[in-house]
Amino acid sequence: MKSSMRIVVMLFVLLSCTTAQLSSEKVSAAEQDKTHHFGFKKSVDEKLPSIQEEGFAHIIEKNNALFLGNTSKKVLYLTFDNGYENGFTTPILDILKGKQVPAAFFVTGHYIQDQPELIRRMAKEGHIIGNHSWSHPDMTTMSNDQIRQELTKVKDGVAQLTGQSMMNYLRPPRGIFNDRVLAISYEEGYISAFWSLAYKDWEVNKQRGADYAYQQIMKQIHPGSIMLIHSVSSDNAGALARIIDDVRAKGYTFESLDQLMAERLLENLFP
């Protein structure tokens, strides 16, 4: 089943490549290397967030990158950034397993080398493992070949640990990108996955408690939320079970990024 879903994502990339190429005139040569730091207008009262004021919405669209999921239903997509391990991924995985919630974990080279057993567990329990680059650089400063090397090393490293030869999702490190980075990533078979719900949770020396994490996340919940949570945060680990229970009580369900892409493929095939 997992392999089938990953093949679906690859089909989406192949079928939409022509669309991306045809829309390339939307981005001028000067714009291709213009650096952007991902940001968005946050959701309030379950209204949809927006990137229209950020000046890069057309680049996200052109490269078929993700910002929002399916906004027609009350669905959430849980994603974690795993640059390094801080002792909280195991309890997070325990919670996800107990509550049957799928997630995507975006990992770096350091994480692959340092935490092979957690990588294997993520794969074994059916979670998506995504690419967060090998060394977490600003990829806009790198050559095309260097970008490809960053991505390939992560993909190969995960494959060696899990046997999974396909990797379909990329989260640009630091949220820094330009059209060229997204285009090269797309050519390499990746859907760039940004987010529509996040808060400043990654500073491990400035944690403010599980209740704070709960409030920051719950006030931004909206249909189609792609949730970015950092696994190094003790606040997030402490709040996660309560968040899952309470968003379900509000009528939300959790789906995987693969499910989202399968829906988009069907929309392309049967508009």
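Reader: Let's start with H230: is it buried or exposed, and what is its relative accessible area?

Author: Keep in mind that this is a predicted model. H230 has its place in strand 8, which covers residues 225–230. Anything under 20% relative accessible area counts as buried. H230 falls on the buried side of that cut-off, with a value of 16%.

Reader: Which side chain does the side chain of H230 make a polar contact with?

Author: We've just met H230 as a buried residue. Its side chain has a polar partner at 2.8 Å, and that partner is the side chain of D201.

Reader: S225 is in strand 8 too, so to speak; what does its side chain reach?

Author: S225 is buried, with a relative accessible area of 0%. Its side chain reaches a backbone atom at a distance of 2.5 Å, and that atom is the oxygen of H222.

Reader: Over to the rings: why is the pair of F38 and F40 called tilted?

Author: The structure holds 11 aromatic pairs, so let's take this one. The ring centres of F38 and F40 lie 6.2 Å apart. Planes under 30 degrees apart would be stacked and those over 60 edge-to-face, with the rest tilted. The F38 and F40 pair is tilted because its planes are at 40°.

Reader: And what is the angle between the planes of F38 and F194, and what do we call that pair?

Author: The ring centres of F38 and F194 are 4.6 Å apart. Their planes are under the 30 degrees cut-off for stacking. So the pair is stacked, with an angle of 15°.

Reader: How many residues apart are F38 and F194 along the chain?

Author: F38 is in the loop between strand 1 (36–37) and helix 3 (57–62). F194 is in the loop between strand 7 (191–192) and helix 9 (210–218). Both residues are buried, and the pair links distant parts of the chain, 156 residues apart.

Reader: Which residues form one aromatic cluster with F38?

Author: We've already seen F38 pair with F40 and with F194. F38 is buried at 11% relative accessibility, and F40 is buried at 15%. The residues that form one cluster with F38 are F40, F56, F67, F177, F194 and W195.

Reader: Which ring does the charged end of R242 sit over?

Author: There are a couple of these charge-over-ring arrangements to look at. In one, R208 lies over the face of Y212, at 4.1 Å from the ring centre. In another, the charged end of R242 is 3.6 Å from a ring centre, and the ring belongs to Y214.

Reader: Why is helix 8 said to be largely enclosed by the rest of the structure?

Author: Helix 8 runs over residues 179–187. Its buried residues include D179, L182 and Y186. The helix is largely enclosed because the buried residues number 8 of the 9.

Reader: What do we find at the start of helix 8, and which residue follows the helix?

Author: At the start, a side-chain oxygen of N178 reaches to within 3.1 Å of the backbone nitrogen of R180. After the helix comes a residue whose phi is positive, near 95°, and that residue is G189.

Reader: Which residue meets D81 in a salt bridge?

Author: A search of the whole structure finds 17 salt bridges. In this one, the N to O distance is 3.0 Å. D81 is buried at 7% relative accessibility, and its partner is buried at 0%. That partner is R171.

Reader: How many residues apart are K99 and D245?

Author: K99 and D245 form a salt bridge, with their closest N and O atoms 2.9 Å apart. K99 is partly exposed at 24%, and D245 is partly exposed at 37%. K99 belongs to helix 4 and D245 to helix 10, which puts them 146 residues apart.

Reader: What about K200: is it buried or exposed?

Author: K200 forms a salt bridge with E203, the closest N and O atoms being 3.9 Å apart. E203 is partly exposed, at 27%. Exposed means over 50%, and at 54% K200 counts as exposed.

Reader: Last one: which residues form a nonpolar patch on the surface?

Author: Together they have about 340 Å² of accessible area. One of them, L269, is in helix 11 and is partly exposed at 44%. The patch is made of L266, L269 and F270.

Definitions and conventions
Residues are numbered from 1 along each chain as its sequence is written. This is a predicted model: local features need pLDDT of at least 70, side-chain atom pairs count only at pLDDT 80 or more; totals for chains, interfaces and linings use all residues. Side-chain values use heavy atoms; hydrogens and water are left out. Rings of Phe, Tyr and Trp (its six-membered ring) pair if their centres lie within 6.5 Å; planes under 30 degrees apart count as stacked, over 60 as edge-to-face and the rest as tilted. Buried means under 20% relative accessible area, exposed over 50%, partly exposed in between (1.4 Å probe, protein chains only). Helices (H or I, at least four residues) and strands (E, at least two) are DSSP runs, numbered from the N terminus. A charge sits over a ring if NZ of Lys or CZ of Arg is within 6 Å of the ring centre and within 35 degrees of the ring normal. Patches are made of residues with over 30% relative accessible area and no salt bridge: like charges are joined within 9 Å, nonpolar side chains (Val, Leu, Ile, Met, Phe, Trp, Tyr) within 5 Å. Accessible areas come from the Shrake-Rupley method with a 1.4 Å probe; for residues, only the protein chains shown count as cover. A salt bridge is a side-chain nitrogen of Lys or Arg within 4 Å of a carboxyl oxygen of Asp or Glu. A polar contact is a pair of N or O atoms within 3.5 Å; within protein, one must be able to donate a hydrogen and the other to accept it, and residues adjacent in sequence count only if both atoms are side-chain atoms.
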